[in-house]
Each structure stands twice: as C-alpha cells, then as structure tokens.
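Trainee: I've got a fold open on my screen and I'd like to learn how to read it. Can you walk me through some features?

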Amino acid sequence: MLFSLREILSGLIPLIFFAISLYSVTWLADGLSLIEPDSDFKSNRAVLAIRDSVPSFQQFGTELFTGPYLKSYYDKSFYFTQKTKKDKKEEIIEALVSLAKKYETVDIFLLAHTNKYLLWFQEVPLELRRKIRLVYNTGCHNANQGKEWLYLGADSYIGHKGKCSLSPFFYVYFLRRWVSGYSLKAAVDESNEKAKIEISILDNFLPDPGEMNYVDQSYGHLYGSETLIIDKKP
C-alpha cells in the first residue's frame, strides 16, 4: 500500500521536531554543565573577535552566542562585524594595539571563512604582538597558518585544515570549555570529540567533500602551547 506525501510528512514532522528538541536540550545542557573558572586573572586579559561579511542572520547568530561569553570572561572585549573583506581594517588593528598596550594577554577569535587577517596584524609592533596569547580561526584551510601565527608572536593557534570545514560545530564546544577553565589541549580534544558525533551524522546527507570526510576536515588542530588556561599566561 502506497502512502501519500502528506501521510509521510505527517509521520516525519513529529520525529524531526523531537530530534531538534532533543538536540537543543543536549546543546544547552552542555553549556550549563561547565564550571566557572577562577576570575582572579580577568583584569589582565582582553579579547578581540572578528565576524566576516556573511548574511546578516549568520552574523546575528554568531554575535548572539559569542558576545556574552567574551563580555563575561574578559575585562575588555572588541567585537567587529564586517560588511566587506577589508572592512574596518584600521579599526581592528588599532583595537589590537590598544588592548596589547593595556593588558597582559590578548586572545583573538577569527570567526570567518578562509582569511588572511594574519597579514593585517604583521603591522603591529613585535613587543605588542607578543601579548597575543591565543588565536582561534574558523576559516577553512587556515590551519596552515599555525607556524606563521606563532612566529608572529602568538603563544597558541587553533585552525581547521579542510576546504569544507564545519568548524562552527567545534567552535561552540570549544569556546564554552576555554572560558570555563579547561587547559587548551583538553578543550580542543573534547570539542573535537563532541563535534565528531554531530558531523558524522550530517556526513551521511551532505555532498561528497572530496579527499577527507567532513569530520577530518572540521578537526581543530592545535599549534604552540597546549597547557594554556584562560586565567594564566604560559
């Protein structure tokens, strides 16, 4: 007996909503289960984040999730949303300079597609670039900047190798763990494992990504110091 499209959809929709609800509860519970870190060092750290020129709903969602964490766990935060690839370049460089002059450490979150912000920050004096503690980059193919960021002055760098990296899955888990006081390696390892579960499911429905599957393409690679925690300099 053949079922009509309406009958099939009527059976699938409740399952889809149940799956979404279950995922939402799990996702929220992940954040609620984390521990607040010691905030003694908060006055010595600042952060700079850049969201590139993507559709407005993506920019809104990224800032909605990221902004509260940065404002809560850093003494000073700058969050830039771009309209073009080169938008706000001078403002961003000036922000890093001002933060590095005032704070002991500065973390950088590059929430963007494949990018070369690295070249922008080469203009910053070396003594200030050495204040850069952690750089996290969501960009596809940007793991290859690891050695360059370390040479530039950063203590640690995290990036993704794939051309079709689903890095947001990693990022959500990573940011929560980093601000909660996990060591950098522990935060990266656990975030990779959690993102792997979700990406593995999507891998069955997405187009063939080529040489590497989506899990491998989205894997977060850590360069430099592995022992960093948010409350201390290495």
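Mentor: Sure. Let's begin with a term we'll need: a polar contact is a pair of N or O atoms within 3.5 Å, and within protein one of them must be able to donate a hydrogen and the other to accept it. Keep in mind that this is a predicted model. Here's a case to look at: the side chains of Tyr 74 and Trp 178 are joined by a polar contact of 2.9 Å.

Trainee: Where does Tyr 74 lie, and is Tyr 74 buried or exposed?

Mentor: For burial, look at relative accessible area: under 20% means buried, over 50% means exposed, and in between is partly exposed. Tyr 74 sits in the loop between H2 and E2. Its relative accessibility is 1%, so Tyr 74 counts as buried.

Trainee: Which residues does Tyr 74 touch, leaving out those up to four places away in sequence?

Mentor: Contact here means heavy atoms within 4.5 Å. On that basis Tyr 74 touches Lys 42, Arg 45, Ala 46, Val 47, Asp 107, Phe 109, Arg 133, Trp 178 and Ile 230. There's also a C-alpha pair to look at: Tyr 74 and Val 179 are 105 residues apart along the chain, yet their C-alpha atoms are separated by 9.0 Å.

Trainee: Arg 45 is in that list. What does the side chain of Arg 45 reach at 2.6 Å?

Mentor: The backbone oxygen of Tyr 73. The side chain of Arg 45 also makes a polar contact of 2.8 Å with the side chain of Asp 231. Arg 45 belongs to strand E1, residues 45–51, and with 1% relative accessibility it counts as buried. Beyond its neighbours within four places in sequence, Arg 45 has contacts that include Tyr 103, Thr 105, Arg 133 and Ile 230.

Trainee: Now the helices. How do I read the way two of them pack?

Mentor: Check the angle between the axes, then the distance, then the handedness. Angles under 35 degrees count as roughly parallel and those over 145 as roughly antiparallel. Take helix H2 (residues 56–73) and H7: they pack at an angle of about 10°, with their axes 11 Å apart. That makes H2 roughly parallel to H7. The crossing of H2 with H7 is left-handed.

Trainee: Which residues of H2 and H7 meet?

Mentor: From H2 you have Phe 65, Thr 66, Tyr 69, Leu 70 and Tyr 73, and facing them from H7 are Tyr 171, Val 172, Leu 175, Arg 176 and Val 179. By class, that contact of H2 with H7 comes to eight nonpolar residues, one polar and one charged.

Trainee: At what angle do H7 and H8 cross?

Mentor: Roughly 150°, for H7 (residues 167–179) and H8 (residues 184–202), and their axes come within 8 Å. H7 and H8 are therefore roughly antiparallel to each other. Their crossing is right-handed. Among the residues making the contact are Phe 169, Phe 170, Tyr 173 and Trp 178 of H7, with Leu 184, Val 188, Ile 199 and Leu 202 of H8. The whole contact of H7 with H8 has eleven nonpolar, two polar and four charged residues.

Trainee: What about the loop between H7 and H8?

Mentor: Ser 180 lies there. It is buried, at 10% relative accessible area. A polar atom of the Ser 180 side chain lies 2.6 Å from the backbone oxygen of Arg 176.

Trainee: Which loop residues have a positive phi?

Mentor: Two to look at are Lys 88 and His 141, each with a positive phi of about 65° although neither is a glycine. Lys 88 is in the loop between strand E2 (76–81) and helix H3 (89–102), and at 28% relative accessible area it is partly exposed. His 141 is in the loop between strand E4 (132–137) and helix H6 (146–152), and with 42% relative accessibility it also counts as partly exposed.

Trainee: And to zoom out, how many helices and strands does the protein have?

Mentor: Nine helices and six strands. Of its 234 residues, 45% count as buried. Among contacts between residues at least 6 apart in sequence, 73% join residues at least 24 apart.

Methods. Residues numbered from 1 in each chain as written. Predicted model: local features only at pLDDT ≥ 70, side-chain atom pairs only at ≥ 80, totals over all residues. Heavy atoms only, no water. Axes fitted to C-alpha atoms, helices over the stretch in contact; angles between N-to-C directions. Helix = DSSP H or I, 4+ residues; strand = E, 2+ residues; numbered from the N terminus. Parallel < 35°, antiparallel > 145°, perpendicular 65-115°, else oblique. Left-handed = near helix turned anticlockwise from the far one by under 90°. Nonpolar A, V, L, I, M, F, W, Y, C, P; charged D, E, K, R; others polar. Buried < 20%, exposed > 50% of the residue type's maximum accessible area, 1.4 Å probe, protein only.
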